[in-house]
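Could you walk me through this structure in my viewer, one selection at a time? I would like to know what to select next and what is there.

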Amino acid sequence: MPQKLTKTFIDSIPFPENGQAFYRDSEIKGFGMRVGATSKVYIAESKVNGKTVRVSIGKHGIYTAEQARNQAKELLLLMSKGINPNDQAKEQKNRGMTLQHVFQDFLVARKALKPRTIYDYKRIMSTYLADWNNKAIADITKDMIAKRHAELGQNSQAQSNLTMRFLRALFNFAAGQYEDSKGQALIADNPVKRLSQTRAWYRIERRQTVIKPHEIKPWFQAVMNLKNDFKSQNRETIRDYLLLVLFTGLRREEAASMTWNNVDLQAKTLKVTDTKNHLDHTLPLSDFLYDLLQQRKANAVNDYVFQRSDGQGHITEQRKQMAKVIKESDVTFTIHDLRRTFMTIAESLDISAYAVKRLANHKMNNDITAGYIIADVERLRDPMQKITDYILKCAGYKPTATISDLPKKKSHSIV
């Protein structure tokens with residue numbers, strides 16, 4: 001039988017050994033108490049749009065019976081009007097969701113993000129958006145976006161654009177992740193759209209630098225002069241790393257993190273599994289690359305083709321050694337310039353566009369013709385060798401040269 005919920009009565013209720021028990025108030029329909037193994041919680045319960053809705057008010061001891069009764073009256077009134085208080089509470093919580101919280105949820109949802117990408121995102125959050133981390137994302141306005149974009153652009157237009165593209169992704173994620181009490185997106189309009197609407201994005205010219213044919217010889221010689229002594233404690237073999245990128249067109253991280261499991265010397269192939277477009281990428285090895293990797297395999301100390309000096313992982317930093325090459329050769333370059341050089345050479349040799357895309361591991365998109373071309377690694381072997389021969393010729397060596405043939409000092413030359 002329902003009984004009026006008073007302090008005396010509630011204090012007399014025993015805690016159940018198993019499960020939970022419910023007690024209903026005799027005066028207010030829908031007001032009650034849920035008793036568990038260690039707690040007694042006041043509740044309000046009614047139907048909203050034909051569904052039973054139960055709302056927890058608070059624990060007995062924190063709330064008095066009379067305080068809980070008054071709170072229940074307000075909640076039951078809302079439910080009689082078809083309003084679910086739980087949805088309201090959820091909406092209120094979502095509206096207070098901070099940018100930092102959204103970012104953490106974003107990282108959990110985006111499981112395929114690469115470690116480098118996560119590092120870059122965290123750096124943006126801690127550097128360019130640090131004062132917004134604890135701000136409710138719903139409170140970040142279009143005017144704030146426009147002002148921050150302009151401020152960041154005073155130091156770096158490229159970084160300003162990158163920060164806003166990242167922020168745009170967070171708002172798009174929040175729009176799909178968080179809802180109001182009516183099931184509508186909490187973020188109805190992405191404020192970063194202001195930059196497109198006002199054409200405020202900075203126009204950044206895409207970098208197109210490559211190592212020109214006449215620059216390959218001094219660059220190559222400077223690379224060959226880098227220390228590459230397997231017997232010394234210095235096992236950061238930047239020389240071979242730079243050569244591999246130039247002769248394969250691999251991306252920086254793809255080459256640096258390559259493991260021996262993905263190098264098949266018997267089949268003369270290498271495979272990259274953690275690629276930008278998430279598609280496995282298998283390349284044939286030219287004679288030059290085969291000899292280079294065969295030497296490295298014989299002296300390998302861990303699973304990585306290009307191991308760190310302490311043998312605990314793969315190389316991550318090449319700036320000092322690259323600076324030596326730039327100073328000695330007078331050829332300024334970045335790692336990605338080597339990839340661009342590889343593709344530029346491939347195109348100059350009249351290698352088919354489809355083969356160039358395969359070699360560079362670019363997606364074929366919706367090209368119907370490309371869909372009928374078999375991605376057979378052996379069909380890429382001849383184009384790969386042609387590119388290698390051209391690079392060696394520009395460097396002043398015979399096309400048949402291997403890494404074993406090349407001189408280790410400036411005074412030597414093959415041709």
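Start by selecting Ala-21, which stands opposite Val-35 in β2. This is a predicted model, so keep a confidence colouring at hand for later stops. Now widen the selection to strand β1 (residues 21-24) and strand β2 (residues 31-35): they pair in the antiparallel sense over 4 bridges. The hairpin of β1 and β2 has 6 residues between the strands, and there Gly-30 takes a positive phi near 105°.

**Next stop: Lys-40**

Select Lys-40, which lies in strand β3 (residues 40-48). Is this lysine buried or exposed? Lys-40 has a relative accessible area of 10%, and because the cut-off for buried is under 20%, it counts as buried. Show its contacts, leaving aside neighbours within four places in sequence, and you will meet Val-35 again, along with Met-33 and Arg-34. The other contacts of Lys-40 are Ile-10, Asp-11, Ile-13, Phe-15, Gly-58, Lys-59 and His-60. If you draw a C-alpha to C-alpha distance from Lys-40 to His-60, it should read 5.6 Å, for two residues 20 apart in sequence.

**A helix crossing**

Move on to helix α5 (residues 115-127) and helix α7 (residues 157-177), whose axes come within 11 Å and cross at roughly 100°. Angles of 65 to 115 degrees count as roughly perpendicular, so that is how α5 lies to α7. Show side chains on both helices: Tyr-121, Arg-123, Ile-124 and Met-125 in α5 meet Gln-159, Leu-162, Thr-163, Phe-166 and Leu-170 in α7. Colour this contact by residue class and you will find 6 nonpolar, 2 polar and 1 charged residues.

**An enclosed helix and a threonine that touches it**

Which residues of helix α10 are buried? Select residues 238-248 to see this helix: 11 of its 11 residues are buried, so α10 is largely enclosed by the rest of the structure. They are Ile-238, Arg-239, Asp-240, Tyr-241, Leu-242, Leu-243, Leu-244, Val-245, Leu-246, Phe-247 and Thr-248. Go one step along the chain, just after α10, and you reach Gly-249, with a positive phi of about 75°.

Keep Leu-246 on display and add Thr-341, which lies in helix α14 (residues 335-348). Not counting residues up to four places away in sequence, Thr-341 touches Leu-246 as well as Val-210 and Ile-211. At 1% relative accessibility, Thr-341 counts as buried.

**Two loop residues with positive phi**

From α14, follow the chain into the loop between α14 and α15 (353-360), where Asp-350 is found. Phi of Asp-350 is near 60°, a positive value in a residue other than glycine. Asp-350 has a relative accessibility of 70%, and because exposed means over 50%, it counts as exposed.

For a second example, select Arg-199 in the loop between α8 (193-197) and α9 (213-224). Arg-199 is not a glycine either, and has a positive phi of about 55°. With a relative accessible area of 78%, Arg-199 is exposed.

**A small stop at the sheet**

What is the strand order in the open sheet of 3 strands? Select β5, β6 and β7: the order is β5-β6-β7, with antiparallel pairing. The edge strands are β5 (263-264) and β7 (281-284), each pairing on one side only. Between β5 and strand β6 (residues 269-272) there are 2 bridges, and the bridge partner of Asp-264 is Thr-269 in β6.

**Last view: the whole chain**

Zoom out and colour by pLDDT. The protein has a mean of 85, and 87% of its residues reach 70 or more. Among the elements, helix α6 (residues 142-153) has the highest mean pLDDT, 95, while helix α16 (residues 368-371) has the lowest, 47. Over residues 368-374 the pLDDT is below 50, and this stretch has 8 contacts beyond near neighbours in sequence. Select residues 410-415 too: pLDDT stays under 50 there, and the model has 14 contacts for them beyond four places in sequence.

With everything on screen, you are looking at 17 helices and 7 strands. Of the 415 residues in the protein, 43% are buried. Among contacts with a separation of 6 or more, 59% are between residues 24 or more positions apart.

Technical notes. Residues numbered from 1 in each chain as written. Predicted model: local features only at pLDDT ≥ 70, side-chain atom pairs only at ≥ 80, totals over all residues. Heavy atoms only, no water. pLDDT = per-residue confidence, 0-100. Contact = heavy atoms within 4.5 Å. Axes fitted to C-alpha atoms, helices over the stretch in contact; angles between N-to-C directions. Parallel < 35°, antiparallel > 145°, perpendicular 65-115°, else oblique. Nonpolar A, V, L, I, M, F, W, Y, C, P; charged D, E, K, R; others polar. Pairing = 2+ DSSP bridges. Buried < 20%, exposed > 50% of the residue type's maximum accessible area, 1.4 Å probe, protein only.
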